[in-house]
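The following report describes the fold of a single chain, moving from one residue to the sheets, the core and the overall dimensions.

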Amino acid sequence: MRPTSYQVLGDLLVVVWDDGHESYYPLEELRRACPCASCSGEPDLFGRMYGGGPQRYRPDSFHVASIEPIGNYALQINWADGHTYGIWTFDRLRAFSAE
Ligand SMILES: [Zn+2]
(Lines give C-alpha, C1' and ligand atoms only; values in the text may rest on other atoms or scores of the structure.)
Protein backbone atom coordinates (compact mmCIF):
# COMPACT_ATOMS: atom_id res chain seq x y z
CA MET A 1 0.00 0.00 0.00
CA ARG A 2 1.50 3.32 -1.00
CA PRO A 3 0.32 6.82 -1.81
CA THR A 4 -0.11 7.76 -5.43
CA SER A 5 -0.45 11.40 -4.43
CA TYR A 6 -0.47 13.56 -1.35
CA GLN A 7 -1.08 17.23 -0.80
CA VAL A 8 -1.95 19.68 1.90
CA LEU A 9 -5.33 21.34 1.43
CA GLY A 10 -6.06 23.92 4.08
CA ASP A 11 -5.63 22.17 7.40
CA LEU A 12 -5.86 18.67 5.92
CA LEU A 13 -3.35 16.29 4.41
CA VAL A 14 -5.06 14.44 1.59
CA VAL A 15 -3.53 11.13 0.54
CA VAL A 16 -4.70 9.03 -2.38
CA TRP A 17 -3.60 5.40 -2.08
CA ASP A 18 -2.81 3.00 -4.85
CA ASP A 19 -5.99 1.06 -4.14
CA GLY A 20 -7.99 4.21 -4.86
CA HIS A 21 -8.77 4.97 -1.23
CA GLU A 22 -8.56 8.61 -0.16
CA SER A 23 -7.55 9.55 3.36
CA TYR A 24 -7.98 12.95 4.99
CA TYR A 25 -5.76 13.78 7.94
CA PRO A 26 -6.30 16.89 10.05
CA LEU A 27 -2.81 18.36 10.37
CA GLU A 28 -3.19 18.99 14.08
CA GLU A 29 -4.00 15.33 14.69
CA LEU A 30 -1.04 14.26 12.59
CA ARG A 31 1.32 16.47 14.56
CA ARG A 32 -0.04 15.36 17.90
CA ALA A 33 0.46 11.76 16.78
CA CYS A 34 3.99 12.44 15.51
CA PRO A 35 5.78 9.10 15.66
CA CYS A 36 9.27 10.43 16.38
CA ALA A 37 11.05 9.43 19.57
CA SER A 38 10.87 12.83 21.22
CA CYS A 39 7.12 13.16 20.68
CA SER A 40 5.91 9.64 21.25
CA GLY A 41 8.53 8.46 23.71
CA GLU A 42 10.76 5.48 23.25
CA PRO A 43 11.38 2.68 25.74
CA ASP A 44 14.96 1.85 26.74
CA LEU A 45 16.23 -1.67 27.47
CA PHE A 46 14.41 -1.69 30.80
CA GLY A 47 11.12 -0.47 29.41
CA ARG A 48 11.48 3.03 30.83
CA MET A 49 10.08 5.69 28.55
CA TYR A 50 12.11 8.62 27.35
CA GLY A 51 10.65 11.61 25.62
CA GLY A 52 6.93 11.72 25.11
CA GLY A 53 4.83 13.60 27.59
CA PRO A 54 3.31 16.98 26.98
CA GLN A 55 4.72 18.76 23.96
CA ARG A 56 5.00 22.49 23.62
CA TYR A 57 3.21 23.46 20.45
CA ARG A 58 3.13 26.78 18.71
CA PRO A 59 0.60 28.02 16.20
CA ASP A 60 2.91 26.99 13.35
CA SER A 61 3.38 23.53 14.86
CA PHE A 62 0.30 22.46 12.96
CA HIS A 63 1.37 23.87 9.60
CA VAL A 64 3.28 21.79 7.08
CA ALA A 65 6.37 23.35 5.47
CA SER A 66 7.04 20.42 3.16
CA ILE A 67 6.63 16.69 2.77
CA GLU A 68 9.46 14.49 1.52
CA PRO A 69 9.25 10.88 0.44
CA ILE A 70 11.68 8.59 2.25
CA GLY A 71 12.68 5.74 -0.01
CA ASN A 72 9.69 3.70 -1.02
CA TYR A 73 8.25 3.24 2.42
CA ALA A 74 7.56 6.52 4.20
CA LEU A 75 6.79 10.23 4.12
CA GLN A 76 8.66 12.72 6.26
CA ILE A 77 6.51 15.64 7.32
CA ASN A 78 8.46 18.84 7.90
CA TRP A 79 6.49 21.10 10.20
CA ALA A 80 6.62 24.87 9.98
CA ASP A 81 8.00 25.19 13.52
CA GLY A 82 11.14 23.30 12.45
CA HIS A 83 10.13 19.88 13.71
CA THR A 84 11.27 17.48 10.98
CA TYR A 85 11.60 14.17 12.74
CA GLY A 86 8.23 12.66 12.09
CA ILE A 87 8.61 9.83 9.62
CA TRP A 88 5.33 8.18 8.76
CA THR A 89 5.69 4.79 7.18
CA PHE A 90 2.95 4.12 4.68
CA ASP A 91 1.60 1.34 6.91
CA ARG A 92 1.38 3.65 9.90
CA LEU A 93 -0.17 6.43 7.88
CA ARG A 94 -2.77 4.14 6.38
CA ALA A 95 -3.58 2.67 9.78
CA PHE A 96 -3.97 6.18 11.21
CA SER A 97 -6.65 6.97 8.66
CA ALA A 98 -10.07 7.24 10.19
CA GLU A 99 -11.52 5.86 6.93
ZN1 LIG B 1 7.90 14.42 16.67
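## Val-14 and its surroundings

Val-14 is located in strand S2. The model described here is a predicted one. Is Val-14 buried, exposed or partly exposed? A residue counts as buried if 20 or more other C-beta atoms lie within 10 Å of its own, and as exposed if 12 or fewer do; Val-14 has 15 such neighbours and is therefore partly exposed. Apart from neighbours within four places in sequence, Val-14 makes contact with Tyr-6, Gln-7, Leu-9, Glu-22 and Tyr-24. Arg-2, which lies 12 residues from Val-14 in sequence, is 13 Å away in space, C-alpha to C-alpha.

## The sheet of S1, S2 and S3

Strand S2 belongs to an open sheet of 3 strands, arranged in the order S1-S2-S3 with antiparallel pairing. Strand S1 (3-9) and strand S3 (22-26) occupy the edges; each has a single partner strand, so one side of each has no neighbour in the sheet. From one strand to the next, the twist averages 15 degrees. The antiparallel pairing of S1 and S2 extends over 6 bridges, and within it Pro-3 has Trp-17 of S2 as its bridge partner.

## Strand S7 and its partners

Strand S7 (residues 74-79) presents two faces. Leu-75, Ile-77 and Trp-79 form the covered face, whereas Ala-74, Gln-76 and Asn-78 form the uncovered one. Strand S6 (residues 64-70) pairs with S7 in the antiparallel sense over 6 bridges. Strand S8 (residues 86-89) also pairs with S7 in the antiparallel sense, here over 4 bridges.

Individual bridge partners in these pairings, together with the one already given for S1 and S2, are listed below.

| Residue | Bridge partner | Strand of the partner |
|---|---|---|
| Pro-3 | Trp-17 | S2 |
| Val-64 | Trp-79 | S7 |
| Ile-67 | Ile-77 | S7 |
| Ile-77 | Gly-86 | S8 |

Ile-77 thus appears as the bridge partner of Ile-67 and has Gly-86 of S8 as a bridge partner as well.

Both connections are hairpins in which a glycine takes a positive phi. The hairpin of S6 and S7 has 3 residues between the strands, and Gly-71 there has a positive phi near 50 degrees. In the hairpin of S7 and S8, 6 residues lie between the strands, and Gly-82 in the turn has a positive phi of about 95 degrees.

## The nonpolar core

Which residues make up the largest nonpolar core? This core has 9 residues, namely Leu-13, Val-15, Tyr-25, Leu-30, Leu-75, Ile-77, Trp-79, Trp-88 and Leu-93. Strand S2 (12-17) and S7 are the elements that give two or more residues to the core. The largest share, 3 residues, comes from S7. The covered face of S7, consisting of Leu-75, Ile-77 and Trp-79, is thus found among the core residues. Leu-30 is another member of the core; leaving aside neighbours within four places in sequence, Leu-30 is in contact with Leu-13, Tyr-25 and Ile-77.

## Helix H1 and Glu-29

Helix H1 spans residues 27-32 and includes Glu-29. The surroundings of Glu-29 contain 14 other C-beta atoms within 10 Å, so this residue is partly exposed. Glu-29 and Phe-62 are 33 residues apart along the chain, and their C-alpha atoms are separated by 8.5 Å.

## The chain as a whole

In total, the chain has 3 helices and 8 strands. Read from the N terminus, the elements follow the order β-β-β-α-α-β-β-β-β-β-α. The C-alpha trace spans about 40 × 30 × 25 Å along its principal axes. How does the radius of gyration stand against what a compact globule would have, and what is its value? For 99 residues, a compact globule would have a radius of gyration near 13 Å, and the 14 Å of this chain agrees with that. Buried residues account for 12% of the 99 residues. Among contacts with a separation of 6 or more, 27% are between residues 24 or more positions apart.

Terms used. Residues are numbered from 1 along each chain as its sequence is written. This is a predicted model: local features need pLDDT of at least 70, side-chain atom pairs count only at pLDDT 80 or more; totals for chains, interfaces and linings use all residues. Two strands pair if DSSP finds at least two bridges between them. A nonpolar core is a set of buried Ala, Val, Leu, Ile, Met, Phe, Trp, Tyr and Cys residues joined through C-beta atoms within 7 Å. Two residues are in contact if their C-beta atoms, placed from the backbone, lie within 7 Å. The radius of gyration is taken over C-alpha atoms; the globule rule is 2.2 Å times the number of residues to the power 0.38. Axes are lines fitted to C-alpha atoms, for helices over the stretch in contact, and angles run from 0 to 180 degrees between N-to-C directions.
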